[in-house]
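Q: Here is a structure that is new to me. Could you explain the terms as we go?

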Amino acid sequence: MTGEDSAWFDEDAGPLARPYTFTRGRTHVARDDLNMITLVVALRRFHRGELDHAHERILECCQDPISIAEVAAGADLPLGVVKVLLSDLIEQNYVIFRTGLAKHSSATSPDTLQKVLDGIREL
Amino acid sequence: MEFVSSDRTIRPAINATALKILIAGGFGVGKTTLVGSVSEIEPLRTEEQLTERSTGVDDITGVEQKRTTTVALDFGRITISHELILYLFGTPGQDRFWFMWDELAQGALGAIVLADTRRLASCFAAIDFFEERNVPFVVGVNCFDGSQMYTVDEVRGALDVDPFVPVLLCDVRRRESTKDVLTALLQHIMSLTGHAQRAAADN
Ligand SMILES: Nc1nc2c(ncn2[C@@H]2O[C@H](COP(=O)(O)OP(=O)(O)OP(=O)(O)O)[C@@H](O)[C@H]2O)c(=O)[nH]1
Ligand SMILES: [Mg+2]
């Protein structure tokens, strides 16, 4: 089983469903520490056939550090499904990630805010 | 397959800080245009499926009924340096579903609410959403041709936003104008965090 057709949505997950995929006989759930702007990058290359098509597609998108939202757009899959596939790849050490997400904007340092402001002015 | 990252000029570090600003407002108010005017990439699109738990139970099967709705977001990127990346997410225009999407607001640096003076009411829901979740925001009044019939003060009064929330006129088709709105948002956020820190220091 591969790809989009293997994605389901959890019946009891509340308003925002946590999707999972069913790959090679196992049920996979997305890690809860991934979000739209979590950056991910592939650690190693893979051989054709080593992974199923859906995972390969994801891995091809993250050869350079890239946000999960961009991976989803590039792979043309819903965000939730991409998070599940990335969770598999993270667990199997194909991908590493970094969540730079503060809970609230007030947690962003004045220094970082100043850099963003300067960056916008230079556009 | 085309790689999404192939057009990137600065390769970000994996430990880069990624920040998110939301662009909200009613249907067709110019959210995607705003994102496109400053983004280094053509605005990309991503989708999420939100499940609505309905109150009713199906009489025949006894199964609780649910509806799944697909919500689409446009987004663009500004790579400030290899360790700092800003993403701009345009929220779905008239879709009521994004208001239950917690992940959207979580960790957002701030938001721009775009208003169209011909349909001011269409941005009330977005303003409520950001006020409730304490997401700092500014209001950009997008000036469609011939629609500048109100002053900033009139718009402010009609929207009933707090006096410290910046409200400014803009034309989001122009990069300079979008930069002005983003600059106002950043300055607003900095003054809010400055106040918070001074308040903490006083205690
Ligand atoms: N005259 C004028 N037209 C504008 C302006 N901003 C946007 N438009 C036009 O308005 C239309 C809608 O703009 P979009 O950026 O797609 O609006 P949106 O808010 O993303 O729309 P939805 O995602 O469908 O809700 C486009 O045809 C734009 O070219 C403006 O400032 N002035
Ligand atoms: Mg749009």
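A: Start with helices and strands: they are DSSP runs, H or I of at least four residues for a helix and E of at least two for a strand, numbered from the N terminus. By that rule chain A has four helices and six strands. Their order along the sequence is β-β-β-β-α-β-α-α-β-α. This is a predicted model, where local features need pLDDT of at least 70, side-chain atom pairs count only at pLDDT 80 or more, and totals for chains, interfaces and linings use all residues. Residues are numbered from 1 along each chain as its sequence is written, chains are lettered from A and ligands numbered from 1 in the order in which they are written, and side-chain values use heavy atoms, leaving out hydrogens and water.

Q: What makes the pair Asp64(A) and Arg11(B) a salt bridge?
A: A salt bridge needs a side-chain nitrogen of Lys or Arg within 4 Å of a carboxyl oxygen of Asp or Glu. The closest N and O atoms of Asp64(A) and Arg11(B) are 2.7 Å apart, so the pair qualifies. Between chain A and chain B the count is three salt bridges.

Q: Which elements of chain A supply at least two residues each to the side that touches chain B?
A: They are β4, α1, β5, α2, α3, β6 and α4. The most comes from α4(A), with ten residues.

Q: How many residues of each chain are in contact?
A: Contact means heavy atoms within 4.5 Å. On that test, 52 residues of chain A meet 60 residues of chain B.

Q: Why is α1(A) called largely enclosed?
A: Buried means under 20% relative accessible area, exposed over 50%, and partly exposed in between (1.4 Å probe, protein chains only). Eight of the nine residues of α1(A) are buried, so the rest of the structure largely encloses this helix. Among them are His55(A), Ile58(A) and Leu59(A). Across chain A, 52% of the 123 residues count as buried.

Q: What makes a group of residues a nonpolar core?
A: Its members are buried Ala, Val, Leu, Ile, Met, Phe, Trp, Tyr and Cys residues, joined through side-chain atoms within 4.5 Å. The largest such core has 67 residues, and Leu86(A) and Phe130(B) have the most contacts inside it. The element giving the most to this core is α3(A), with seven residues. Apart from this core lies another, of 28 residues, including Val116(A) and Val29(B).

Q: What does Phe130(B) touch?
A: Not counting residues up to four places away in sequence, its partners include Leu22(B), Trp98(B) and Phe137(B).
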